[in-house]
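User: I should like a close look at a single part of this model. Please describe how two of its helices meet, and then place that meeting within its surroundings.

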Amino acid sequence: MTSVRVNELISVAGQPDAAGFAAFAADGFAAVINARPDGEEPEQPGNTAEKASAAAAGLTYSFVPVKGTEITEADIRAFQAAMAEAKGPVVAHCKSGTRALTLYALGEVLDGRMKPGDVEAFGQNLGFDLAGARRWLEKRSGHAADVKAFFEPRTCSVQYVVSDPATKRCAIIDPVLDFDEMSGATGTANADAILAHIKSEGLTVEWILDTHPHADHFSAAHYLHEKTGAPTAIGAHVTDVQTLWKEIYNWPALKTDGSQWDRLFADGDTFEIGALKARVMFSPGHTLASITYVIGDAAFVHDTVFTPDSGTARTDFPGGSASALWHSIQAILSLPEETRLFSGHDYQPGGRHPRWESTVAAQKRANPHISGIDEAGFVALRQARDRTLPKPKLMLHALQVNIRGGRLPEPEGNGRRYLKIPLDAL
């Protein structure tokens, strides 16, 4: 397989066969990045075979699969990370090399080492058409909201800072408070990384938003409220979740009026982040209280739909409903097709890099839980899938924190805090 040398760090190539990996090693490459999704062609080797061929040739291997029309900043950053981790020159491939070169060129633009107007000429000099990269940059420049994601690998959660570029006002969405269930240790490294980003970008926090009471991690909303003074908010139906879990935890003193947050959002409520207009969609199904935040041209959908190769969220928690989730998803899919959808988890199917952004159009086209499926089919599919899933390991730990807005239990007489775990409750 012939590769095209971009510079001393990277070359790009079309699809290699098994022998091609040995040739790459002989040519002095140290690593291979596969930017091609599995299944594009019947004879395509695929990720598993390529990983084995790379190992046999003594090459490190990374899987960063992309479709040309659906590249996101997460893909670009994952490509850059794979390059940075390599112990020498990298060869990146897709079917023809164009997507691999596109990922590289877009990273150079995002980091200020290349001007947007130079991208197409850069590609032409190497024999590639990078018009798609130009279009990607044009579309990005037209986005109303800036979105920065923070991936938390322990729980595969995605936290967001969404900001108005004109006013530098922002909101934090679904922040994570660190918790290690083996030691009982809590921490604020994830939340502090968000605060560091806000400081470095000169942003002012206007809102701290949760989409629902999370079952797999602690919310850092209360910690960030104490640090920034910004109001906290969640969906108004959190009171239903509090009532349900008050009984499960046998917790007579728990207030179930939602007063642990500064604002409870009802379906259709609106608010502002700087000059950005935001509105709330009630999106039950995963939980009784789940909501979607539509902010500018972006929608933060958390546990409703994931990226198209990952399907949809589970509905087997107390208060969950596959039928309700179906209707919530249909409301999300009624948004304009170019609306960017930001999910709250990514479990990296097939061993690919973390991704969290899609569009309404991509979901309709490629999500197997959505495309060509009616309500009855979805409910049957979702319920069958849910029966195979274990409960989240932090569910009983997290809910007693998150139905209080991220507040840890009060210290007892010895100064220590204690979680309460109901036995045989679920």
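Analyst: In this predicted model, helix 4 passes helix 5 in a right-handed crossing. The axes of the two helices lie 11 Å apart, and the angle at which they pack is about 140°. From helix 4, the residues L101, Y104, A105 and V109 take part; they meet V119, F122, G123 and L126 of helix 5. By character, the residues of this contact comprise seven nonpolar, one polar and no charged.

In soluble globular proteins, nonpolar side chains tend to be buried together. The largest nonpolar core of this model has 33 residues, and I33, F79, F122 and L130 are those with the most contacts inside it. Helix 4 (98–110) and helix 5 (119–126) each supply at least two residues of this core, as do other elements, including helix 3 (73–85), helix 6 (131–141) and strand 5 (90–93). The element that gives the most is helix 4, with seven residues.

L130 deserves separate attention. Among the residues that L130 touches are L101 and A105, together with V119, F122 and G123. Another core, of 24 residues, lies apart from the largest one; A149, Y160, I173 and I295 are among its members.

The surroundings also include a sheet. Five strands form this open sheet, in the order 1-2-5-3-4 and with mixed pairing. Its edge strands are strand 1 (3–5) and strand 4 (60–63), each of which pairs on one side only. Strand 2 and strand 5 run parallel and are joined by four bridges; V12 has A92 in strand 5 as its bridge partner.

How values were computed:
Residues numbered from 1 in each chain as written. Predicted model: local features only at pLDDT ≥ 70, side-chain atom pairs only at ≥ 80, totals over all residues. Heavy atoms only, no water. Core = buried A, V, L, I, M, F, W, Y, C linked by side-chain atoms within 4.5 Å. Buried < 20%, exposed > 50% of the residue type's maximum accessible area, 1.4 Å probe, protein only. Contact = heavy atoms within 4.5 Å. Axes fitted to C-alpha atoms, helices over the stretch in contact; angles between N-to-C directions. Left-handed = near helix turned anticlockwise from the far one by under 90°. Nonpolar A, V, L, I, M, F, W, Y, C, P; charged D, E, K, R; others polar. Pairing = 2+ DSSP bridges. Lists of a residue's contacts leave out its neighbours within four places in sequence.
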